[in-house]
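The following report describes selected parts of a protein model, beginning with a loop residue and moving on to helices, the nonpolar core and a cavity.

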Amino acid sequence: MARPRQTIVSLEDTPYYHCCSRVVRKAFLCGIDNSTGENFEHRREWVDSRILELATIFAIDICAYAVMSNHLHVVLKVDADKAKQWSDKEVLMQWHKGFKGTLLTHKFLKGEDLNQFERQTVNECITEYRKRLIDISWFMRSLSEPIARMANKEDKCTGRFWEGRFKSQALLDEAAVLACMAYVDLNPIRAKMAATPETSDYTSIQRRINSAMKGEQPPELLPFVGNERLNMPNGLMFSVKDYIVLVEDTGRIIREDKRGAISLSSQDILNRLNIPAENWLKITTEFGALFKGAVGALPALTEYCEHLERKRRQGAANCQRWLCA
């Protein structure tokens, strides 16, 4: 039985979550459907653009994503502090970027006079919108619904386009986050849709590589900010260069027709994460099969389960086996 979302998400334990949505119909999300010969490749652009658009609306950062033929992956970081710091007007402005709002919320933003009852109604809307802007369920709903409507219109049909629920799992520590990101970024290579990360269209790794070639980081993705230090900015540990090299090294080994080895810089990252190279390759190849629930070291997994009042630690054996040296 599927778990209620509130029994999966615990911002007290981690802001990082891996989400996956699959198409329910036989028709492809993207690519060429072999059964009909139709090409739906243009839909990958729909999904890619929508993911990046939502990152400008929600207080949720995009760590990694990959748009595949019949499913998509995203690794998200919920920035609850950002949402708390937004003023009432900023919350409404963010919400109105992607949603209609109400007549009263628009009047409030225009500075029009509101009576006591109207202002109370606006305050209730602001409270609700602030919650929704850090809600991964609202994020995924806002991603999938427009794509489903566009696809149904194009296919001249009605009904579900996506499975009823997206899958989500908490990523409880640095090792789980980085391993899941690499797993997501390497999806096209494992599926033999691309030969290298830089040719993996509609993925975060391609976007990061293209920006790195200009000496930049993509503004629409959560940046890499280097090693932990005082006054740490919001971002991912390690350098973007080291992460790209790690993904490229891993991708070369995964490909059957190419020999490869973990470079020294990549081995340094794995040493810091306390993950043996053999385990890393297993995790980044079979992450979805190995971990069905929350992912992280046993102490973090134990706390997560305690906070959500779970009686057993789902996946504890695999977490201990693959994430601990």
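Not counting neighbours within four places in sequence, Asp173 is in contact with Val295, Gly296 and Ala297. The model is a predicted one, and in it a polar atom of the Asp173 side chain lies 2.8 Å from the backbone nitrogen of Ala297. Asp173 itself is placed in the loop between strand S4 (167–170) and H7, and it is partly exposed, with a relative accessible area of 22%. Phe224 is 51 residues away from Asp173 along the chain, and the C-alpha atoms of these two residues are separated by 16 Å.

Two helical residues can be described in a similar way. Asp249, in helix H10 (residues 240–254), has a relative accessibility of 3% and therefore counts as buried, the cut-off being under 20%. The side chain of Asp249 makes a polar contact of 2.4 Å with the side chain of Arg252, and, when residues up to four places away in sequence are not counted, Asp249 touches Ala261, Ile262, Ser263 and Ser266. His96 is found in helix H3 (residues 88–98) and, at 18% relative accessibility, also counts as buried. The side chain of His96 makes a polar contact with the side chain of Thr105 at 3.1 Å, and Thr105 appears again among the contacts of His96 beyond four places in sequence, together with Gly101, His106 and Leu109.

Helix H9 (residues 204–212) has as its buried residues Ser204, Ile205, Gln206, Arg208, Ile209 and Ser211. The elements that cover these buried residues include strand S2 (60–67), H7, strand S5 (224–226), strand S6 (236–237) and H10.

Two loop residues call for a look at their backbone angles. Most residues other than glycine have a negative phi. Tyr202 and Phe238 are residues other than glycine with positive values, as the table shows.

| Residue | Phi | Loop | Relative accessibility |
|---|---|---|---|
| Tyr202 | near 60° | between helix H8 (187–190) and H9 | 22%, partly exposed |
| Phe238 | near 75° | between S6 and H10 | 3%, buried |

What, then, makes up the largest nonpolar core, and which of its residues touch the most other members? This core has 100 residues, and those that touch the most other members are Phe58, Leu171, Met181, Phe287, Phe291, Leu301 and Tyr304. Helix H7 (residues 174–185) supplies the largest share of the core, with ten residues. For Phe58, leaving out residues up to four places away in sequence, the residues touched are Trp86, Phe99, Arg132, Leu133, Asp135, Trp138, Phe139 and Ser142.

The last feature is an enclosed space. The count comes to one cavity of 30 Å³ or more, and the largest cavity has a volume of about 30 Å³. The lining of the largest cavity consists of Cys20, Ser21, Arg22, Glu163, Arg165, Phe166 and Lys167, and these lining residues divide into two nonpolar, one polar and four charged. Strand S1 (residues 16–22) gives the most to this lining, with three residues.

Methods
Residues are numbered from 1 along each chain as its sequence is written. This is a predicted model: local features need pLDDT of at least 70, side-chain atom pairs count only at pLDDT 80 or more; totals for chains, interfaces and linings use all residues. Side-chain values use heavy atoms; hydrogens and water are left out. Helices (H or I, at least four residues) and strands (E, at least two) are DSSP runs, numbered from the N terminus. Buried means under 20% relative accessible area, exposed over 50%, partly exposed in between (1.4 Å probe, protein chains only). A polar contact is a pair of N or O atoms within 3.5 Å; within protein, one must be able to donate a hydrogen and the other to accept it, and residues adjacent in sequence count only if both atoms are side-chain atoms. Contact means heavy atoms within 4.5 Å. On a 1 Å grid over the protein atoms alone, a cavity is a set of points where a 1.4 Å probe fits but cannot get out, and a pocket is an open set with protein on both sides within 12 Å along at least five of seven lines; lining residues have an atom within 4 Å of a point. Grid points are joined across faces, edges and corners, and a volume is the space filled by probe spheres set on the points. Ala, Val, Leu, Ile, Met, Phe, Trp, Tyr, Cys and Pro count as nonpolar, Asp, Glu, Lys and Arg as charged, and the others, Gly among them, as polar. A nonpolar core is a set of buried Ala, Val, Leu, Ile, Met, Phe, Trp, Tyr and Cys residues joined through side-chain atoms within 4.5 Å.
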